[in-house]
Amino acid sequence: MAGTRLARPIVALAAAALVVGSADAPSSVGTKAALPRFGPERVVAQVSRGGFVTQLGVADLNGDGRPDLIATSSEFQTPRTFPVTVLINNGRGRFVDETQSIFSGEVPVVQNARELVVAKFNGDRRPDVFIADHGDDRAPFSGFKNTLILSAPGGKLVDASGNLPPASDFSHSAAAGDVNGDGSVDLYVGNIYGDNRVPPRILLNDGSGHFRVGDGLLPSAQTDLDQNKYTSCLFVDVNADGKLDLVLGGEDITPSSVVLLNDGTGHFHVLPNALPPKPFGPNGITLDILSLELNGDGHPDLLMASTKGDPFYVGRWIQVLINNGNGTFRDETAMRLPQVDNNAAWPIFLEPLGLFGKGIGFGVHLGGSAEAPPFYVSGDDGRFHSAALQVPIGRLWAFLDANHDRRPDLVTVDESSGTVYVALQKTKAAKPKLRKCKKGQRSTKRKPCRR
């Protein structure tokens, strides 16, 4: 998850969340789409206690070929810090807390981790982790250092946060990708506030996981915190020129989200009128952006998740934007995922359901509510249909192969307690082989046979 991200906030989809035409939530179209069925869940691990779990990432952290978990914890509006937790997959459906043993040196700590990005930063082919952290969410918004975790020899990890430019910034989002074509994965760090006035910036990677600020790479209007603030970001090649462009989702003081085109050297400029107006109007806050190819034309399309600035962080809208092929987008939400104005729970992240091979789908992590997060899968009609998945409310979730059978299982983490659960994917029962019917014999329910 360029870089990937799993994050870090599912009972069956709540009726209140999915009634067509509801005044309080997105609507679904048609019947619920079929997804794999999962068996009963069981407790398999524990995220370090203290605070509540905010981010959940999936990566093979020790290089044994099995997907592991990394989690962060926070305590709302306090300066407390918490160590990250690393849970290693034993290949038998369980996870072992190896935080202390996997790190060479000190275990990194976070204060208010906002986004977790997994990518390969140091060239050794193992995944690394960047954590955007905005610190205490109270005035004067003093910020906090971001965290960089790099792979090390022997299946170890190391806190390499010292490889980042020193800053105590208010980082709300992050994205990873090679912006200048040198083969190394760089970072965009989306700073939006802060007593220290650190602007959003691109960090260039020297190939070994050491980063420097890329001066002058972004337009001045997109780095001036008095003009614009962007609460979400995504690297994606929107115009098919082979260069990663940057999509920025606007905050409520920012009238529009923008597309920044990359000239191939990591210098970006605004593509005028590339995106339709934000949901909820200028008051909208775009909290996450997901790229999926929705209409089969080979161009990346966008899902943009928004909430309201007034009332603050109330309401949810998933905007479906179709790429015109030149980096501009048209709004097809009304056709593909009809919605109405609402006061539903705000969306934290959108996550793709690409593991199942059953069409294009995504799930929505929700915040600040006991509402059940929705999942959607696209149908042959090009519309998103609600997908029936049963997972308890109030948990972060991820899909990964927990028992080494090459099929994704469901892992959830209770945000409050830190308890980790696994529900293994059910195996379809094999149909019994039928004997050939004897002459004159009919196949019946009690005595089936085949002709």
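Biologist: Which residues does Asp401 touch, not counting residues up to four places away in sequence?

Modeller: In this predicted model, Asp401 touches Pro67, Asn89, Arg406, Arg407, Pro408 and Asp409, once residues up to four places away in sequence are set aside. Asp401 itself has its place in the loop between strand S28 (395-400) and strand S29 (409-414).

Biologist: Why is Asp401 said to have no salt bridge?

Modeller: A salt bridge needs a side-chain nitrogen of Lys or Arg within 4 Å of a carboxyl oxygen of Asp or Glu. The nearest side chain of opposite charge, Arg406, is 6.7 Å away from Asp401, so the cut-off of within 4 Å is not met and Asp401, although buried, has no salt bridge.

Biologist: What makes the reach of the Asp401 side chain to the backbone nitrogen of His404 a polar contact?

Modeller: The side chain of Asp401 reaches that backbone nitrogen of His404 at 2.9 Å, and because a polar contact asks for a suitable pair of N or O atoms within 3.5 Å, the value fits. The backbone nitrogen of Asn403, which the side chain of Asp401 reaches at 3.3 Å, also falls within 3.5 Å and therefore fits the cut-off as well.

Biologist: How do you know that strand S9 (residues 128-133) is mostly covered?

Modeller: Buried means under 20% relative accessible area, and 6 of the 6 residues of S9 are counted as buried. Asp128, Phe130 and Ala132 point one way from the strand, while Val129, Ile131 and Asp133 point the other way, and all of these are buried.

Biologist: Why are strand S8 (residues 113-119) and strand S10 (residues 147-152) both called partners of S9?

Modeller: Two strands pair if there are at least two bridges between them. Because S8 is joined to S9 by 6 bridges and S9 to S10 by 3 bridges, both cases satisfy that rule, and both pairings are antiparallel. As examples, Ala113 has Asp133 of S9 as its bridge partner, and Ile131 stands opposite Thr147 in S10.

Biologist: What makes S16 and S19 the edges of the open sheet that has the order S16-S17-S18-S19?

Modeller: The 4 strands of this sheet pair in the antiparallel sense. Strand S16 (230-236) and strand S19 (268-270) each have a single partner strand, so one side of each is left without a neighbour in the sheet. From one strand to the next, the twist averages 25 degrees.

Biologist: How do you know that S16 pairs with strand S17 (residues 245-250)?

Modeller: The two are joined by 6 bridges and run antiparallel, and because at least two bridges are required, they count as paired. One of the links places Leu246 of S17 as the bridge partner of Phe235.

Terms used
Residues are numbered from 1 along each chain as its sequence is written. This is a predicted model: local features need pLDDT of at least 70, side-chain atom pairs count only at pLDDT 80 or more; totals for chains, interfaces and linings use all residues. Side-chain values use heavy atoms; hydrogens and water are left out. Axes are lines fitted to C-alpha atoms, for helices over the stretch in contact, and angles run from 0 to 180 degrees between N-to-C directions. Buried means under 20% relative accessible area, exposed over 50%, partly exposed in between (1.4 Å probe, protein chains only). Lys and Arg count as positive and Asp and Glu as negative; His and the chain ends are not counted. A polar contact is a pair of N or O atoms within 3.5 Å; within protein, one must be able to donate a hydrogen and the other to accept it, and residues adjacent in sequence count only if both atoms are side-chain atoms. Contact means heavy atoms within 4.5 Å.
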